[in-house]
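Reader: I am new to reading protein models. Could we walk through this one together?

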Amino acid sequence: MSEVKKIATRDSYGNALVELAQNGADDLVVLDADLAAATKTGTFKKAFPERHFNCGIAECNMIGVAAGLSTMGLVPFASSFAMFAAGRAFEQIRNSVGYPHLNVKIAATHGGISVGEDGASHQCCEDFALMRSIPGMTVLSPSDDVEARAAVKAAYAYEGPVYIRLGRLATPVFHDAQSYTFQIGKGEQLTDGNDVAIIATGLMVAEALTAAENLAKEGIHARVINICTIKPLDEEIVLKAAKECGKVITCEEHNIIGGLGEAVAAVLSEKCPTKLRRIGVNDEFGHSGPAAALLKQFGLSAEHVEAVARELVKG
Amino acid sequence: MQEKTKINGNKGRCVSLTEEMKLALKKKACQVRMGVIESTHGAKAGHPGGSLSAADLFAYLYNRELRIDPKNPKDPKRDRFVLSKGHTAPGLYAALAYRGFFPVEDLPTLRHIDSYLQGHPNMNTVPGVDMSTGSLGQGISAAAGMAKGAKYLHQDVNVYTLLGDGEIAEGEVWEAMLFAAHYKLDNFCMVIDLNGLQIDGRTCDVMNTAPVDEKAKAFGFQTISIDGHDFDQIEKAFEAFHACTGKPTCILMHTTKGKGVSFMENQVGWHGKAPNDEEYKQAMEELHAAMAELEAAK
């Protein structure tokens with residue numbers, strides 16, 4: 001995975017919005033809460049200033065405004081950090097967007113501990129849990145630039161509420177933009193292997209791919225599965241992997257409570273009980289530090305995935 | 001210099017209220033009050049107090065102010081109304097039913113299992129409801145979004161929202177007011193029902209929000225204080241809204257909670273309690289007597 005291009009999925013978001021608007025998405029409007037420079041909706045604002053509404057530092061109102069705009073036939077993308085979108089405005093998303101099932105897209109950047117130096121107050125590791133629990137909510141967590149741009153466009157095309165988690169940190173681009181196709185609700189098998197299935201989301205997919213490469217050198221053949229759609233989960237690809245590999249590891253930059261790991265665990269325990277290890281943030285708050293160092297420290301690295309895989313396969 | 005942003009097809013669209021029109025509105029308001037009693041009695045639950053305080057406003061909105069068509073409740077060009085104080089759904093439902101959005105006979109199914117008349121307004125089940133509300137402080141944000149959307153789309157759509165005086169303790173209300181003023185949403189009209197009571201007691205004791213007029217003015221609103229049971233004053237307030245450009249309007253409507261049913265008036269206990277059979281009978285007798293008086297007045 002060395003020498004590859006790195007792009008933060010928040011940048012992909014800003015660029016995808018511009019691409020959408022340039023290609024006939026006339027009903028697209030973008031909302032931000034004083035974070036346009038960080039969420040990268042500033043890119044859109046530059047190109048389409050009249051379609052970018054700053055709501056000030058008032059995320060709860062922003063979500064309600066987005067709900068109102070959607071009832072007028074517009075497709076609003078409301079943007080903030082994951083902490084303040086999914087966290088602070090949870091109840092607005094639940095009651096003003098989820099309950100009426102309105103066509104609002106919530107684009108939450110700065111998900112996970114890779115926010116880095118800002119520390120725990122800004123490192124949201126609870127958003128999958130919060131958003132998954134809302135009936136009818138689609139939850140997306142793209143893994144690289146190519147997938148993030150595709151996911152934003154798919155969210156626009158989809159009728160209904162969507163939560164998209166994006167990252168601050170520049171991460172490897174491993175999808176081929178030319179051949180890649182994205183579909184909400186479909187997982188993606190990235191490597192072949194039957195010794196262990198590594199089901200990952202977000203920036204952990206690239207780590208899982210690196211881990212699989214290294215594990216292969218030891219003769220352990222891992223099947224890496226990329227789950228962009230946390231909800232609705234692609235049960236088919238999960239069950240197939242469990243049946244064929246017999247051992248499953250989940251990887252996410254999220255609390256091990258309530259995220260991808262538990263979603264997979266629920267499917268497996270009901271339909272195909274399988275040995276499972278969950279890699280994620282172990283029910284603790286993050287802290288300040290460089291993103292790369294934090295990821296390593298919290299076990300969100302290829303090395304840790306490899307260690308867990310070795311233990312699971314050989315143990 | 002204020003920017004002229006209003007399209008405003010409302011302006012001058014109606015002649016002033018005649019005595020005959022006023023009498024008709026009073027009858028409509030009396031019907032709304034009967035609907036509130038019928039539905040909360042049928043539900044054995046619900047919120048009659050704040051529904052009755054706003055009954056005159058509901059009657060005015062749905063029979064004079066809003067440009068709506070019960071036959072085409074989703075008309076994109078219609079005016080919007082968002083009941084931010086969603087618990088007073090009985091008042092809204094009664095106004096909608098008597099305006100022809102759905103059968104009046106359905107009102108007593110309020111809150112029943114499998115009824116489309118949910119305890120709090122549901123835009124996906126009740127014809128004429130423009131936004132699902134119930135969690136206080138949220139409706140006003142959606143209404144502000146609708147008003148912003150209408151402006152962005154250059155549509156002549158006015159958006160109205162009704163809040164309770166207890167509700168305005170929610171911080172989101174003031175976030176929404178900042179937004180409405182910042183974007184000069186002169187097609188946005190918020191009404192605050194100042195009936196002075198909320199669940200835990202008098203609003204001035206639970207959490208004093210006064211002086212609301214000065215606060216709304218400081219937040220950039222045209223602010224008008226009226227008696228919410230006087231149709232002349234209600235009309236004047238909406239005329240001022242139609243005439244105002246460059247800023248949103250806030251109508252402070254002084255009312256009596258439980259208005260129109262003697263034993264419910266100004267009683268905090270009637271915020272969220274349904275009348276039993278005996279109370280129902282007495283309330284309906286009073287309202288029928290009031291209606292008979294209005295009928296005799298012609």
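Reader: Which domains does the domain assignment give for chain A?

Author: Happy to help! Keep in mind that this is a predicted model. The assignment for chain A gives domain 1 (6–172) and domain 2 (188–314).

Reader: How many residues does the contact take from domain 1 of chain A and from domain 2 of chain A?

Author: Start with the spacing: the C-alpha centres of these two domains of chain A lie 25 Å apart. Residues count as in contact if their C-beta atoms, placed from the backbone, lie within 7 Å. On that basis, domain 1 of chain A gives 29 residues, and domain 2 of chain A gives 29 residues.

Reader: Which elements give two or more residues to the side of domain 1 of chain A that touches domain 2 of chain A?

Author: Picture the residues on that side of domain 1 of chain A: twelve are nonpolar, eleven polar and six charged. The elements of chain A giving two or more of the residues there are α7 (127–132), β6 (138–140), α8 (145–157) and β8 (171–172).

Reader: Now for chain B. Why is one side of β1 and of β6 of chain B left without a neighbour in the sheet?

Author: In chain B, five strands make an open sheet with parallel pairing, ordered β1-β2-β3-β7-β6. From one strand to the next, the twist averages 20°. β1 (80–83) and β6 (222–227) of chain B have a free side because each stands at an edge, with a single partner strand.

Reader: Which residue in β7(B) does V191(B) stand opposite?

Author: Look at β3 (residues 188–194) and β7 (residues 249–254) of chain B, which run parallel and are joined by six bridges. Opposite V191(B), in β7(B), you will find I251(B).

Technical notes
Residues numbered from 1 in each chain as written. Chains lettered and ligands numbered in written order. Predicted model: local features only at pLDDT ≥ 70, side-chain atom pairs only at ≥ 80, totals over all residues. Domains from an automatic or database assignment. Contact = placed C-beta atoms within 7 Å. Helix = DSSP H or I, 4+ residues; strand = E, 2+ residues; numbered from the N terminus. Nonpolar A, V, L, I, M, F, W, Y, C, P; charged D, E, K, R; others polar. Pairing = 2+ DSSP bridges. Axes fitted to C-alpha atoms, helices over the stretch in contact; angles between N-to-C directions.
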